[in-house]
Amino acid sequence: MLYAWINGVKRTPIEKGEQTICQDCGGILTSVIPTENIKHWRHKAGDCDSWSEAEGEWHLSWKEHFDFNSREICLVDEHSGEKHRADILCGLGSSNATVLELQHSHISEEERVSRELFYSRNNKMFWLVHIHSESSFNEFSFETFIGFSSEIEYAGHKFMVGSWGGRSTQFIEKWKKSSVNVFFDWKGYVFYLADEKVSKHLGGPFGRGRFAVCALSKNDFISAANGKMEKPDAELS
């Protein structure tokens, strides 16, 4: 986790040797000041969130676009007691409350479904999925899609429609099945992945590996996550 409360202030670690208490579980947190990665807090007895993943500059840069009090918010299921830490939770307590999950690494289909069920139970949910090539060819595959896609304008939005560029379509098929709103971050550009409803207006339903995206400005995406504007498909139904 990147942030913790220490002496009444929620912040990242400053120096080695700092300790504080996790507000979510009461466990001891110690500061980690690596030479190559970002500063963060580590649970002494293991993270209380089973969905916790290693985070880097990409996570930090996106979290810093949102209000400090909306970062890393623990949500608890009132019936089961299950708890998980949302990367971003905008508009807590409002009708536009939205969980934004920042996904940089691989995630299984099972965990994707579990997170969507948990976070969308009482809130809207956005995924922001980082398309990169640290351990796969996803960046090349998406770039190939961009280069060979066709453009369709619908209800004032321009969608790129085409096929995933790689031989394996597992990545794009997993996100096409999502029950919530999916956005991609590719080289700093944000794209909305057309859901099933919008895809039908664009020539779908699409077969395996075929999909459509709509480019958004970073500011428009942040506004949508904050509930200040609708995501593209709200105007397309």
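This passage describes a pocket, a helix and some backbone features of a predicted model.

The largest pocket is a good place to begin. About 550 Å³ of space lies within the largest pocket, and 27 residues make up its lining. Those that lie nearest the centre of the pocket are His106, Ser136, Phe137, Asn138 and Phe171. Several elements of secondary structure contribute to the wall: strand β9 (124–131), helix α3 (138–148) and helix α4 (170–176) each provide at least two lining residues. Of the contributions to the lining, the largest share is that of α4, with 5 residues. In chemical character, the lining of the largest pocket is made up of 13 polar, 7 nonpolar and 7 charged residues.

Helix α6 comes next. This helix spans residues 218–225, and its buried residues are Phe221, Ile222, Ala224 and Ala225. When α6 is viewed down its axis, these buried residues fall within an arc of 160 degrees, so they line one face of the helix. After α6 comes Gly227, a residue with a positive phi, near 75 degrees.

Turning to the backbone, a few residues deserve a closer look. As a general background, most residues other than glycine have a negative phi, and most peptide bonds are trans. Two residues in the model, neither of them glycine, have a positive phi: the value is near 55 degrees for Asn7 and near 50 degrees for Glu72. The settings of the two can be set side by side. Asn7 is found in the loop between strands β1 (4–6) and β2 (9–11), whereas Glu72 is part of strand β6, which covers residues 71–76. Are these residues buried or exposed? Asn7 counts as exposed because its relative accessibility is 77%, and exposure calls for a value over 50%. Glu72, by contrast, has a relative accessible area of 8%, and it is therefore buried, the limit being under 20%.

The peptide bond from Gly204 to Pro205 also stands apart from the general pattern: this bond is cis, and its omega is near 5 degrees. Where does Pro205 lie in the chain? Its place is in the loop that runs between helix α5 (196–201) and strand β14 (210–216).

Methods
Residues are numbered from 1 along each chain as its sequence is written. This is a predicted model: local features need pLDDT of at least 70, side-chain atom pairs count only at pLDDT 80 or more; totals for chains, interfaces and linings use all residues. Side-chain values use heavy atoms; hydrogens and water are left out. Buried means under 20% relative accessible area, exposed over 50%, partly exposed in between (1.4 Å probe, protein chains only). Helices (H or I, at least four residues) and strands (E, at least two) are DSSP runs, numbered from the N terminus. The arc is that of the directions from the helix axis to the C-beta atoms. On a 1 Å grid over the protein atoms alone, a cavity is a set of points where a 1.4 Å probe fits but cannot get out, and a pocket is an open set with protein on both sides within 12 Å along at least five of seven lines; lining residues have an atom within 4 Å of a point. Grid points are joined across faces, edges and corners, and a volume is the space filled by probe spheres set on the points. Ala, Val, Leu, Ile, Met, Phe, Trp, Tyr, Cys and Pro count as nonpolar, Asp, Glu, Lys and Arg as charged, and the others, Gly among them, as polar.
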